[in-house]
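Let's take a walk through a protein model together. Have the sequence and the 3D view open while you read.

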Amino acid sequence: MAGNSDTRYCKRFSYAVLKFTLFFYACIWWLIGGFILAIGIYAEVERQRYKTLEGMFLAPALILILLGIVMFIVSLVGVLASLRDNLKLLKVFMYTLTVCLILELLGGVLALVFRNQTVELLNKNVRRGIVNYYDDLDFKNIMDFVQKKFQCCGGREFQDWEVNMYHNCSAPGPLACGVPYTCCITNKPNEVVNTFCGYKVLEKSRLDLVDTIHIRGCTDAFFIWLMDNYKTMAGLLLGILLPQFFGVIISWLYITRVEDAISEYGHYMDGLLDQRDRGMRKKGRLDKWFMCMPEID
């Protein structure tokens, strides 16, 4: 009788395998969350030190801190829940992962359905960042990288640089009516670019600039790159969503195994199942922890 009841649910999914799988899964994401949080805090300290950002727009440090905090807390709940077999914490962990997964899928669907509004919002935020281009080192680095990587200039078009006080045509100085050198076309990979190659280009038409600067806006260039590299993006998307889906499934399976064990062994204690009420023989510590092990004489 003891042998049959002891292995009832273990024949389907081993309690020990599920426990350690969930524990290591949560531990890995806990460590990743802590690492991201540490990087975000370091970047934020540097940002405050040099006062590189006056606004919240596209602040990588703040994004990393927020992401790190969420990952760290949620994963810590999963670690504690798997260690103590606490059903409440297990369900909090599972439901949180489920909500995050649904929100990510919903956000992606809405971004595709309302593509025009998404592009317009992106262009608006890029123009807002261009206004503070030289005062916001974080945005400057991102914008320079994007313009060189995707061979583009500005958000919707290169004329977006008119909103910057230094590049506006009414501004004094050599940057007036120009664009940053990262918009310029280079013929060689390691060519040293003239930092004033974008001088007075805002006064010219698009056709006159095809050999001088990249006239295509970065928003269009980015979406074209996404379409050209859809396989890479699909793999990246699966790499983000599948681990979360796996966490939801393994959490659900472990919750069912703990509930099976509770219904079989009786009174539930935090982390252990009390077997004394059944008059069972005393078992070793490992036997109590894993519960799928046979009784010890």
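How many aromatic pairs does the structure hold? The count is 11 aromatic pairs. One of them joins Phe23 and Phe24, and this pair is edge-to-face. Their ring centres are 5.4 Å apart, with 65° between the planes. Is Phe24 buried, exposed or partly exposed? Phe24 counts as partly exposed because its relative accessibility is 48%, and that class runs between 20% and 50%. Aromatic rings also gather elsewhere: Tyr133, Tyr134, Trp161 and Tyr166 form one aromatic cluster.

Now for the overall picture. Keep in mind that this is a predicted model. The protein chain has 9 helices and 2 strands. Following the sequence, you meet them in the pattern α-α-α-α-α-α-α-α-β-β-α. The chain has 297 residues, and 38% of them count as buried. What about contacts along the chain? Take those between residues at least 6 apart in sequence: 67% of them join residues at least 24 apart.

Next, a look at the record. The unreviewed UniProt entry carries the annotation "transmembrane region" for residues 22–45, 57–80, 92–114 and 234–255. Here is how two of these stretches look in the model:

| Stretch | Helix | Strand | End C-alpha atoms apart |
|---|---|---|---|
| Residues 22–45 | 100% | 0% | 34 Å |
| Residues 234–255 | 100% | 0% | 31 Å |

Let's zoom in on two helices that pack together. Helix H3 covers residues 60–84 and helix H4 covers residues 87–113. Their packing angle is about 145°, and the axes are 8 Å apart. On the H3 side, the contact is made by Val74, Ser75, Val77, Gly78, Leu80, Ala81 and Ser82. H4 answers with Leu89, Leu90, Val92, Phe93, Thr96 and Leu97. As for handedness, H3 passes H4 in a left-handed crossing.

Last stop: helix H7, which spans residues 218–228. Which residues are buried in H7? They are Cys218, Thr219, Ala221 and Phe223. The cover over the buried residues of H7 includes helix H5 (115–131) and helix H6 (137–149). Phe223 has another partner to look for: the charged end of Arg115 sits over the Phe223 ring, 5.0 Å from the ring's centre. Try finding Arg115 and Phe223 in your view, and look at how the charged end is placed over the ring.

Note on methods. Residues are numbered from 1 along each chain as its sequence is written. This is a predicted model: local features need pLDDT of at least 70, side-chain atom pairs count only at pLDDT 80 or more; totals for chains, interfaces and linings use all residues. Side-chain values use heavy atoms; hydrogens and water are left out. Buried means under 20% relative accessible area, exposed over 50%, partly exposed in between (1.4 Å probe, protein chains only). Helices (H or I, at least four residues) and strands (E, at least two) are DSSP runs, numbered from the N terminus. Contact means heavy atoms within 4.5 Å. Rings of Phe, Tyr and Trp (its six-membered ring) pair if their centres lie within 6.5 Å; planes under 30 degrees apart count as stacked, over 60 as edge-to-face and the rest as tilted. A charge sits over a ring if NZ of Lys or CZ of Arg is within 6 Å of the ring centre and within 35 degrees of the ring normal. UniProt positions are given in the numbering used here, feature names are shortened, and annotations may be inferred rather than shown by experiment. Axes are lines fitted to C-alpha atoms, for helices over the stretch in contact, and angles run from 0 to 180 degrees between N-to-C directions. A crossing is left-handed if the near helix is turned anticlockwise from the far one by less than a right angle, and right-handed if clockwise.
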